[in-house]
There are 2 protein chains.
Amino acid sequence: MITLTPQEKFVSTAIKKLKENSGSHSPSLFTLAHQFPDVKIKVDACFLSNPYASQLFFKFFQEEFQNKRNFENLIQYYPSQNTIIAQLVARHLDISAKNIFMGNGAVEVIQAVIHNFVKKKMIVNIPTFSSYYEFAKENIEVVYHQLSQKNNFNLDLENYLKQVEKEKPDTVVLINPNNPDGSYIKLTEMEYLIKKLQDVDNIIIDESFIHFAREEDNQIQSTVKLIDKFNNLIIIKSMSKDFGIAGIRAGYGVMNPEKVNHLLKNGYLWNLSGLAEYFFRIYIQDDFQKMYEKVRIKYINQTQTFIQKLSKIEGIKVYPSQANFVLIELLEGSTAFNFFNKLLLEEGIYTRNCSDKIGLRGEFIRIASRTKKENKKIIKSMINLFLDSQSKTNISINYPKFSHEQVRI
Amino acid sequence: MITLTPQEKFVSTAIKKLKENSGSHSPSLFTLAHQFPDVKIKVDACFLSNPYASQLFFKFFQEEFQNKRNFENLIQYYPSQNTIIAQLVARHLDISAKNIFMGNGAVEVIQAVIHNFVKKKMIVNIPTFSSYYEFAKENIEVVYHQLSQKNNFNLDLENYLKQVEKEKPDTVVLINPNNPDGSYIKLTEMEYLIKKLQDVDNIIIDESFIHFAREEDNQIQSTVKLIDKFNNLIIIKSMSKDFGIAGIRAGYGVMNPEKVNHLLKNGYLWNLSGLAEYFFRIYIQDDFQKMYEKVRIKYINQTQTFIQKLSKIEGIKVYPSQANFVLIELLEGSTAFNFFNKLLLEEGIYTRNCSDKIGLRGEFIRIASRTKKENKKIIKSMINLFLDSQSKTNISINYPKFSHEQVRI
């Protein structure tokens, strides 16, 4: 069992306090480093992004801004307005710009959609990304649909539809792949669901992690192409994860033109920065897309290898994931709190303690896939931690959980 | 009188269309340049920012980001959350962080405040920055208080208070200095107003241009320091103008802690980008502030000289301004449309045609103060334009507006 030294306990409590002040989200690396200069983070495995895509963007970025003046213009002048940037993205997605609402990060789109279009009741699957229920205003009833742990958190379609029929919500939320468990709904299943959900006013589908999922081939299986057929679809997309640019704040929503107009009538004029506009101008270029596709596949392959290797570590259960992170459950009496802090303070690995996630029963940690080298370091550190805890257990004669054979390894 | 050639008319109409699609705001230089590559803009005098402050920020920026890795981290990782950045700004403003709501540009703060705190009725002085009334939801009654042109758009305090007493709004908006006319309310007058307005739920004071105003000395006369005394104050501040960083999107609102909490409960988690966070970390540094103060005073001096020189041009009336722009009225029959387009297409100077501003009766153009060199170019171009129009008038025998004496000059 993983336990903390008195000093580790002290620091852990202080970090917990910082986290509590950050609401339902982990404090950023910057905040953490600033407030705890002694905590040396070697791998940020809380952070959900493709590091190879970040590098690719930096490459384009540096070429463009070798001319210092270009970058100064980006900082100095107003960026283009929402609808202008939507026109760029529309060309790439091959849909009408009238269907696109650009966001200062996906979280702004979530906020706008939840505040403006949910009427009375929404169903949210749990565990989930907390903003979906946190942003619901006081007069909104949030009903939870519990994803089954036994079923690896996969959505049971008929069971789900039954609850929808019973509850009659005006809005449903489907995150695909789901955060924090990485479970995935196939495109054919999604189409089936959408057809069955035509009485629901808003079907919100969050595809922020869809670039990391694959079915038979490597193609991205987005529901964006269905927007003309189903008027109640709202697809939300973060660019932070797949493109590794969380600091820029860039995302969008795809929805019917009446909804886009409703939002734009109420503000969101210059909600994208000059840097975000620049990102979208790069994003739609063919040469960027070609190179991006390569780093996307490379990252998926490495992530799946990482998950397989994690599965072999004793003492944890690793849930299958089609996202760029994986949910693990601690089986042998360790708490997520102790595991999270021990991994951070002794090994410098920052993960996501999922104790605050509603709909998770047990001790859960979410670990992001990073570079190949970092993933190796994560695996090695976790093995260290368990070996270490076992040898300590060996010393403490009162603790009966490990057999002799396990300790010997 | 300024007239357009057929070709100029054609381009002007196309630009007008682009403008109409941009709502009540001018299209950005980037959008304009993209859609009209033939239109060569030499001076962007539509753009309200201190160019010397931009340069100062670039200097700090380049020093920091000589280490490429630092900049990559800024793009790659999530920025700190709203409340963390508020703590930085609080230290600089010498107020509590609980009073500060950070915004993705001041326009986000305006949107949040108007949507969340205006109950039934608000009074907005006109002419004004259109977002204040545009963001009002359908059930809000907007009452206009007309600033008197004869009085150089200065607010007549008693007249204003009389209208407030009569209308009983829950919210009033005071932009100081006012946009687009540059009229200014002194701090003592503002304090008088605030005391008289204690029955109003929300006194919104937009101080986005306050750094350009001066009274007896050069000190910035902000009402922020009154926040503890008056619970109904909401001070909104853009950083785009005084610091010349519109592309970053950075602003904040100062209001009572209950209002800040109300907004944060509803979202606005990571609404500032990594670059915006970096800006605020620079902004609060003593050495930056010292250097900034110098470029602020330099720019104010140049702006006032620019306004004085403009005042000497015949055919226009120049209104006094305490902002970094000036409102001019065309007196001799030229339309704002023709003047705006002629100045753009023949001289490459992009100004703000104020024809769409409610509360302005006549032909008005707003001109921003830029660098000393650019301001000279603006003056020279405007003199050219008027001379040119006069000589053309001389040729067209049917046109009686100018006396012989004027034409001879």
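This is a guided tour of a predicted two-chain model, arranged by what to select in the viewer.

The model is predicted, so local features require pLDDT of at least 70 and side-chain atom pairs pLDDT 80 or more, while totals for chains, interfaces and linings use all residues. Residues are numbered from 1 along each chain as its sequence is written, chains are lettered from A and ligands numbered from 1 in the order in which they are written, and side-chain values use heavy atoms, with hydrogens and water left out.

**Chain A as a whole**

Select chain A, which contains 16 helices and 13 strands. Both are DSSP runs numbered from the N terminus: helices are H or I with at least four residues, strands E with at least two. The C-alpha trace extends over about 70 × 60 × 40 Å along its principal axes. The radius of gyration of chain A is 22 Å, in agreement with the value near 22 Å for a compact globule of 409 residues; it is taken over C-alpha atoms, and the globule rule is 2.2 Å times the number of residues to the power 0.38.

Colour chain A by accessibility next: 63% of its 409 residues count as buried. Buried means under 20% relative accessible area, exposed over 50%, and partly exposed in between, with a 1.4 Å probe and protein chains only. Of the contacts in chain A with a separation of 6 or more, 73% are between residues 24 or more positions apart, where contact means heavy atoms within 4.5 Å.

**The two copies**

Display both chains. A turn of 180° with a shift of 0.0 Å along the axis lays chain A on chain B with an RMSD of 0.0 Å. That is the relation of a two-fold axis. The superposition is by least squares on the C-alpha atoms of residues with pLDDT of at least 70 in both copies. The copies meet through the same surface, because 100% of the interface residues of chain A are also interface residues in chain B.

**Buried sites in chain B**

Select B:Ser49, in the loop between β1 (43-44) and α3 (51-64) of chain B. B:Ser49 is buried, at 0% relative accessible area. Leaving aside residues up to four places away in sequence, its contacts include B:Ser54, B:Lys241, B:Tyr299, B:Asn324 and B:Arg370.

Move to helix α11 of chain B, residues 274-283, where 10 of the 10 residues are buried, so the helix is largely enclosed by the rest of the structure. Among the buried residues are B:Glu277 and B:Arg281, along with the aromatic-named entries B:Tyr278, B:Phe279, B:Phe280 and B:Tyr283.

**Backbone geometry in the loops**

Two cis peptide bonds merit a stop. Select A:Asn179 and A:Pro180, whose connecting bond is cis with omega near 20°; A:Pro180 lies in the loop between β5 (171-175) and α9 (187-196) of chain A. In chain B, select B:Ile126 and B:Pro127, joined by a cis bond with omega near 0°. B:Pro127 belongs to the loop between β3 (121-126) and α7 (131-134).

Finish with positive phi values. A:Arg249, a residue other than glycine, has phi near 65°. A:Arg249 sits in the loop between α10 (240-243) and β8 (251-254) of chain A and is buried, with a relative accessible area of 2%. B:Asp94 is likewise not a glycine, and its phi is about 60°. The loop that holds B:Asp94 runs between α5 (82-93) and β2 (100-103) of chain B, and B:Asp94 counts as exposed at 69% relative accessibility.
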